[in-house]
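Visitor: Please take one part of this model and go through it closely. I would like the terms defined along the way.

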Amino acid sequence: MNLEDFSVFRQRASSDGVLFYYTGEFSANVIGAMSDTVRERLEALGTPGRLGRKVFSTFMEMAQNILHYADETACEGGRIGALAVGQEHGKFYVLCGNPVRTDHVERLRARLDPLRRMTLDEIKAAYRDQLRSDTNAGDPISKGAGLGFLTVAREASEPIDYHIVFRADESTHAEFYLRAVI
Amino acid sequence: MENLHIPATKETPEVRLDPGSMSFHLVGESYPENAMAFYAPIRASLQSFLEAPDSARGVQAHFNLRYFNSSSTKLIRALVGMLHQKAAAGVRVIAHWYHDPEDDMMAEFGLDLKEEFDALEFNLVASETA
């Protein structure tokens, strides 16, 4: 990237309200450093506590989601992903993207499509059901409590959005993007 | 039964088990990368704490959490479930669930626990500091 392009990149990030952007490898240390930065940025903006907590929670779920699920066979060097936090039209947004195996795409759709159609009350009820269910045994890929996407959906003030990019030159991996507005 | 004290880290809460006052404290934030690895030994310690003869005198538990991630959620609920079992067996167990007054999610989570684990004396406490 030359300096003119970098200037365009900066201006675009600024006009879109980007407060924080990271791309690269995700590790526990990187997430620790990111979490300090995100909290500092939110505090510097005078974000009310309740809203700041929701943004932070969404950020953390997405960051740990990349750490746990970004397919490390897609790129040499581990769990690669991107994450952004910003503020636009008076609301915060949190975005993330990471490579996933194409054969996991249907599973993602099956989890996310119903969440996009649910009301907040329905999301809360689904969260409660999942919390009280003994296992997440129906899903051998999940490494957590099966509450990650539900938590993001519950924090968001509008339906969460996702996007999957298939690349012509790549049949085993796709790019998965997720967006929550808080 | 000895005291247990695990100091807080950036990503994990302070944990205290005090047989003298028969109290359990979980204080701070919980978002470890591997929540299961963090909570498994706490679960085991709480179990032996609750099995100690002194526990018949009654138990106080304090959950003062500012934030926890989704993978900590079920494990924290499981700790409350263990206290509930003790209460259901006839021991007086008082659980205090502290939440920031502005944090509706934390309050709601506490309310759900209170409804689900109804053998406990469950106090929801709105409090500024964690």
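Guide: A residue is called buried if 20 or more other C-beta atoms lie within 10 Å of its own, exposed if 12 or fewer, and partly exposed in between, with C-beta atoms placed from the backbone. The part examined here is chain B, followed by its contact with chain A. This is a predicted model, in which local features need pLDDT of at least 70 and side-chain atom pairs count only at pLDDT 80 or more, while totals for chains, interfaces and linings use all residues. Residues are numbered from 1 along each chain as its sequence is written, and chains are lettered from A and ligands numbered from 1 in the order in which they are written.

Buried residues account for 38% of the 130 residues in chain B. Its secondary structure consists of 3 helices and 6 strands, where helices (H or I, at least four residues) and strands (E, at least two) are DSSP runs numbered from the N terminus. Along the sequence of chain B, the order is β-β-β-α-β-α-β-α-β. Chain B has a radius of gyration of 14 Å, close to the 14 Å from the globule rule for 130 residues, so it is as compact as a globular protein of that length. That radius is taken over C-alpha atoms, and the rule is 2.2 Å times the number of residues to the power 0.38. The C-alpha trace of chain B spans about 35 × 30 × 25 Å along its principal axes.

Two residues are in contact if their C-beta atoms, placed from the backbone, lie within 7 Å. Of the contacts in chain B between residues at least 6 apart in sequence, 67% join residues at least 24 apart.

An unreviewed UniProt entry annotates residues 6-126 of chain B as "domain: SiaC family regulatory phosphoprotein"; positions are given in the numbering used here, feature names are shortened, and annotations may be inferred rather than shown by experiment. Residues 6-126 of chain B are 40% helix and 31% strand, and their end C-alpha atoms lie 25 Å apart.

Where chain B meets chain A, 15 residues come from chain B and 18 residues from chain A. On the chain A side, α2 (28-44), α3 (49-69), α5 (120-132) and α6 (148-155) each supply at least two residues. The most come from α3(A), with 9 residues. By class, this side of chain A has 7 nonpolar, 7 polar and 4 charged residues, with Ala, Val, Leu, Ile, Met, Phe, Trp, Tyr, Cys and Pro counted as nonpolar, Asp, Glu, Lys and Arg as charged, and the others, Gly among them, as polar.
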